[in-house]
Amino acid sequence: MKVLNLYAGIGGNRKLWSGVDCTAVEIDEKIARIYQKFFPYDRIVISDAHEYLLGHYDEYDFIWSSPPCQTHSRINNLNYIKKEQGQVPKYPDMRLYEEIVFLQHWFKGKWVVENVIGYYEPLLKPFRYKSHYFWSNFVIPNTKDVKRYIRAHLCDMKNVVDKDFMSIDIKNKEQIINNCVEPKIGKYIFDCAFKLVQKRVVEG
């Protein structure tokens with residue numbers, strides 16, 4: 001199965017996928033090198049994921065996209081309100097919705113676009129699983145919102161990084177880890193795409 005992993009980061013969502021021929025797209029070369037260390041058999045493309053999707057979408061069976069979330073997040077909205085903190089107001093990055101609409105109308109395989117639960121009512125209705133929104137062309141059962149604090153998430157992500165990660169010369173390590181989708185969530189969504197979760201429930 002050919003999988004496209006966009007805005008791949010260091011690959012939290014990909015950690016527990018098996019039996020895939022995966023292409024990861026990451027624009028930051030240092031982060032891409034870390035991903036390659038974790039997943040040496042994946043193909044790494046250092047490029048703009050938004051543009052790569054447009055040019056290569058029809059080469060894959062499954063597409064996962066996690067566009068930048070900062071301009072959509074509830075934390076960002078709090079910072080916007082508290083101008084005294086020196087935060088500069090920003091428009092939401094609408095590439096998120098560009099990709100959803102594009103995939104809805106052009107891609108024939110399974111796809112999912114992941115982002116944080118935003119500070120505004122989403123323009124297109126997503127599935128809601130734990131602390132994430134997921135837009136997809138398959139069913140993802142909803143769960144209650146789970147608050148996600150960076151320190152707790154760092155503990156949850158200890159099975160993504162190894163003991164050498166913190167010695168790598170790269171800034172914002174905590175933020176890089178916090179940007180990861182937890183591996184168990186990545187596997188759950190992947191299983192939902194191909195009905196493995198539903199099949200297990202039926203078989204009991």
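Val3 has its bridge partner in β4: Phe62. This is a predicted model, and the pairing of Val3 with Phe62 is a good place to enter it. The two strands involved, β1 and β4 (residues 62–65), run parallel and are joined by four bridges.

β1 also pairs with a second strand. Its partner there is β2 (residues 21–25), again in the parallel sense, over five bridges. Within that pairing, Leu4 stands opposite Thr23 of β2. In a regular strand, side chains alternate between the two faces of the sheet. How much of β1 (residues 2–6) is covered? Most of the strand is: four of its five residues are buried.

Now follow Phe62 inward. The largest nonpolar core has 29 residues, and Phe62 and Ile189 are the members that touch the most others. Several elements build this core: β2, α1 (29–38), β4 and α7 (183–193) each contribute at least two residues. Which of them gives the most? The answer is α7, with six residues.

Ile189 shows how the core is knitted together. Leaving aside residues up to four places away in sequence, Ile189 touches Trp64, Val112, Phe134, Phe138 and Ile140.

The nonpolar interior does not end there. A second core, separate from the one around Phe62 and Ile189, holds 22 residues. Among them are Leu53, Tyr60, Leu96 and Leu103.

How values were computed. Residues are numbered from 1 along each chain as its sequence is written. This is a predicted model: local features need pLDDT of at least 70, side-chain atom pairs count only at pLDDT 80 or more; totals for chains, interfaces and linings use all residues. Side-chain values use heavy atoms; hydrogens and water are left out. Buried means under 20% relative accessible area, exposed over 50%, partly exposed in between (1.4 Å probe, protein chains only). Two strands pair if DSSP finds at least two bridges between them. A nonpolar core is a set of buried Ala, Val, Leu, Ile, Met, Phe, Trp, Tyr and Cys residues joined through side-chain atoms within 4.5 Å. Contact means heavy atoms within 4.5 Å.
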